[in-house]
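Subject: Structure for you to look at

Hello,

Here is the structure I promised to hand over. Please open it alongside this message.

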Amino acid sequence: MEPLLLPVADEDGAPFWEYAARGELRVQACAAPACGALRFPPRPCCPHCRSFESEWRAMTGRGRIWSYVLPHPPLLPAYAAQAPYNAVVVELADAPHIRLVGNVVTGPEAPLNSVDPARLRIGAPVRVVFAPVSPELTVVRWLLER
């Protein structure tokens, strides 16, 4: 069976994945004193003030489902075996203009199809969970809040 597709860290985004491996959700922010704007995806220059100074700010890990899809076949074989599963866009509670893509699951080690699609809805509250998918990579997934 084919492996699932995994993200590839670039130089700008590497800290995101390093923090995820430690169980922390952090977002890049401009470190210029007069700016401080959060930005995602990570990039070398602030789109607001053009500063090259940056830092990584901790987020609460809470958000809401902004959008979601239930992919239908034909799918790559590794994904077809897990259908139906979800792919969600989560709007962060701490930074509503920041949206992260992931999956809603029942736990960090749970398969992508572990949540009944009927339980998903736009606006549903979620919280982050970190799923190690290889020795080198931990991804962000989401749990439904009650």
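Below is what I found in it, from the overall fold down to single residues.

Please keep in mind that this is a predicted model.

Overall fold

The protein has two helices and eight strands. Along the sequence the order is α-β-β-β-β-α-β-β-β-β. The C-alpha trace spans about 50 × 30 × 25 Å along its principal axes. The radius of gyration is 16 Å, which agrees with the value near 15 Å for a compact globule of 146 residues. Buried residues make up 40% of the 146. Among contacts with a separation of 6 or more, 55% come from residues 24 or more positions apart. The exposed surface is about 8,100 Å². Carbon and sulfur atoms supply 56% of that area.

Strand pairing

Strands of a sheet pair through backbone hydrogen bonds, either parallel or antiparallel. One open sheet here holds three strands in the order 2-1-3, with antiparallel pairing. Its edges are strand 2 (38–39) and strand 3 (54–58), each pairing on one side only. Strand 1 (residues 26–30) runs antiparallel to strand 3, and five bridges join them. To find your place there, look for Gln28, which stands opposite Trp56 of strand 3.

Further along, strand 7 (residues 125–134) takes part in two pairings that I checked. With strand 4 (residues 62–69) it is antiparallel, over three bridges. Arg64 has Pro125 of strand 7 as its bridge partner. With strand 8 (residues 137–144), strand 7 is again antiparallel, over eight bridges. Arg127 is bridged to Leu143 in strand 8. A hairpin of two residues connects strand 7 to strand 8.

Aromatic rings

How many aromatic pairs does the whole structure hold? The search finds four. Phe16 and Trp17 form an edge-to-face pair, because their ring centres are 4.9 Å apart and their planes stand at 90°. Ring pairs also bring in Phe40, so that Phe16, Trp17 and Phe40 are linked into a cluster. Phe16 counts as buried, because its relative accessibility is 6%, under the 20% cut-off.

Two arginines sit over rings. Arg26 lies over the face of Tyr19, 4.6 Å from the ring centre. Arg99 places its charged end over the ring of Trp66, 3.9 Å from the centre.

Backbone points to check

Most residues other than glycine have a negative phi, and most peptide bonds are trans. Three places deserve a look on that account.

- Phe40 and Pro41 are joined by a cis peptide bond, with omega about 10°. Pro41 is in the loop between strand 2 and strand 3. Phe40 is also a member of the ring cluster described above.
- Ala83 and Pro84 are joined by a cis peptide bond too, with omega about 0°. Pro84 lies in the loop between helix 2 (77–80) and strand 5 (87–92).
- Arg50 is not a glycine, yet its phi is positive, about 70°. Arg50 belongs to the loop between strand 2 and strand 3. Is Arg50 buried or exposed? Its relative accessible area is 64%, so Arg50 counts as exposed.

Best wishes

Terms used:
Residues are numbered from 1 along each chain as its sequence is written. This is a predicted model: local features need pLDDT of at least 70, side-chain atom pairs count only at pLDDT 80 or more; totals for chains, interfaces and linings use all residues. Side-chain values use heavy atoms; hydrogens and water are left out. Rings of Phe, Tyr and Trp (its six-membered ring) pair if their centres lie within 6.5 Å; planes under 30 degrees apart count as stacked, over 60 as edge-to-face and the rest as tilted. Buried means under 20% relative accessible area, exposed over 50%, partly exposed in between (1.4 Å probe, protein chains only). A charge sits over a ring if NZ of Lys or CZ of Arg is within 6 Å of the ring centre and within 35 degrees of the ring normal. Helices (H or I, at least four residues) and strands (E, at least two) are DSSP runs, numbered from the N terminus. The radius of gyration is taken over C-alpha atoms; the globule rule is 2.2 Å times the number of residues to the power 0.38. Contact means heavy atoms within 4.5 Å. Accessible areas come from the Shrake-Rupley method with a 1.4 Å probe; for residues, only the protein chains shown count as cover. Two strands pair if DSSP finds at least two bridges between them.
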